Amino acid sequence: MRSGRPPTYSAEERSTVIRLALRRPSDLELPFACWTLDRLVAYLSEHNIGMRRSRISEILLDEGLKWRNEETWFGERVDPDFAKKRGRSSNSIPHHRPTAS
């Protein structure tokens with residue numbers, strides 16, 4: 001222990017944040033599939049734990065937990081056969097004719 005201000009949140013509150021982040025929201029009958037910091041803040045405040053986003057993030061990072069990157073259509077596809085299933089590209093893009101050399 002070091003001198004200074006005592007911890008703002010108890011060990012029990014910190015462990016609640018970690019346990020909650022590791023659970024699926026659907027297991028708690030919540031209408032979403034994954035947690036965000038805002039959703040964690042709202043859920044904790046409903047259960048009388050007022051904690052800021054930044055503090056929740058610190059707790060999770062200290063525990064070695066990271067947010068996963070959200071997959072978007074700009075990134076790599078999970079389905080390896082996506083290009084085959086998608087079909088040809090749009091006809092609105094002109095095809096380049098081979099140049100004469």
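**A walk around helix α3**

On the other side of α3 from its buried residues, Leu 61 and Asp 62 are exposed. That's a handy place to start, with the reminder that we're looking at a predicted model. Now turn the helix around. Which residues of α3 are buried? Ile 56, Ile 59 and Leu 60 are. They span an arc of only 95° around the axis, which puts them on the same side of α3. If the spacing of those numbers looks familiar, here's the background: an α-helix has 3.6 residues a turn, so residues three or four places apart point the same way.

What sits over that buried side? The cover includes α1 and α2, so let's take those two neighbours in turn, because two packed helices are described by the angle between their axes and the distance between the axes.

Start with α1, which runs over residues 11–22. It packs on α3 (residues 53–62) at an angle of about 80°, and the two axes are 10 Å apart. The cut-off for calling a pair roughly perpendicular is 65 to 115 degrees, and α1 and α3 are therefore roughly perpendicular to each other. On the α1 side, the contact is built from Arg 14, Val 17, Ile 18 and Ala 21. On the α3 side, it uses Arg 55, Ile 56, Ile 59, Leu 60 and Asp 62. Sort those residues by class and you get six nonpolar, no polar and three charged.

Next up is α2, covering residues 37–46. Its axis comes within 9 Å of the α3 axis, and the two cross at roughly 105°. That makes α2 roughly perpendicular to α3 as well. Here α2 brings in Leu 37, Asp 38, Leu 40, Val 41 and Leu 44, while α3 answers with Arg 53, Ile 56, Ser 57 and Leu 60. The class count for this contact is six nonpolar, one polar and two charged residues. Keep an eye on Ile 56 and Leu 60: they take part in the contact with α1 and also in the one with α2.

Does α2 keep its buried residues to one face or spread them around, and how wide is their arc? The residues in question are Leu 37, Leu 40, Tyr 43 and Leu 44. Looking down the axis of α2, they fall within an arc of 130°, so they line one face of the helix. Those buried residues pack against α1 and α3.

Put these pieces together and you arrive at the core. In soluble globular proteins, nonpolar side chains tend to be buried together. In this model, the largest nonpolar core has 15 residues, and Val 17, Met 51 and Ile 56 touch the most other members. Each of α1, α2 and α3 supplies at least two residues of this core, with α2 giving the most, at four residues. Val 17 is a good one to click on: leaving out residues up to four places away in sequence, Val 17 touches Leu 44, Met 51, Ile 56, Ile 59 and Leu 60.

Met 51 also gives a feel for how the chain folds back. Thr 8 and Met 51 are 43 residues apart in sequence, yet their C-alpha atoms are 9.7 Å apart in space. Thr 8 belongs to the segment before α1, and at 53% relative accessibility it counts as exposed, the cut-off being over 50%.

The connections deserve a look too, especially if you like checking backbone torsions. Glu 29, in the loop between α1 and α2, has a positive phi near 60° even though it is a residue other than glycine. Glu 29 is exposed, with a relative accessible area of 73%. Just after α2 comes Asn 48, with a positive phi of about 65°; this residue isn't a glycine either. Asn 48 lies in the loop between α2 and α3 and counts as exposed at 72% relative accessibility. After α3 comes Gly 64, where phi is again positive, near 85°.

Finally, zoom out. The chain has four helices and zero strands, giving the pattern α-α-α-α along the sequence. Of its 101 residues, 16% count as buried. Among contacts with a separation of 6 or more, 43% come from residues 24 or more positions apart.

Methods:
Residues are numbered from 1 along each chain as its sequence is written. This is a predicted model: local features need pLDDT of at least 70, side-chain atom pairs count only at pLDDT 80 or more; totals for chains, interfaces and linings use all residues. Side-chain values use heavy atoms; hydrogens and water are left out. Axes are lines fitted to C-alpha atoms, for helices over the stretch in contact, and angles run from 0 to 180 degrees between N-to-C directions. Angles under 35 degrees count as roughly parallel, over 145 as roughly antiparallel, 65 to 115 as roughly perpendicular and the rest as oblique. Contact means heavy atoms within 4.5 Å. Ala, Val, Leu, Ile, Met, Phe, Trp, Tyr, Cys and Pro count as nonpolar, Asp, Glu, Lys and Arg as charged, and the others, Gly among them, as polar. Buried means under 20% relative accessible area, exposed over 50%, partly exposed in between (1.4 Å probe, protein chains only). The arc is that of the directions from the helix axis to the C-beta atoms. A nonpolar core is a set of buried Ala, Val, Leu, Ile, Met, Phe, Trp, Tyr and Cys residues joined through side-chain atoms within 4.5 Å.
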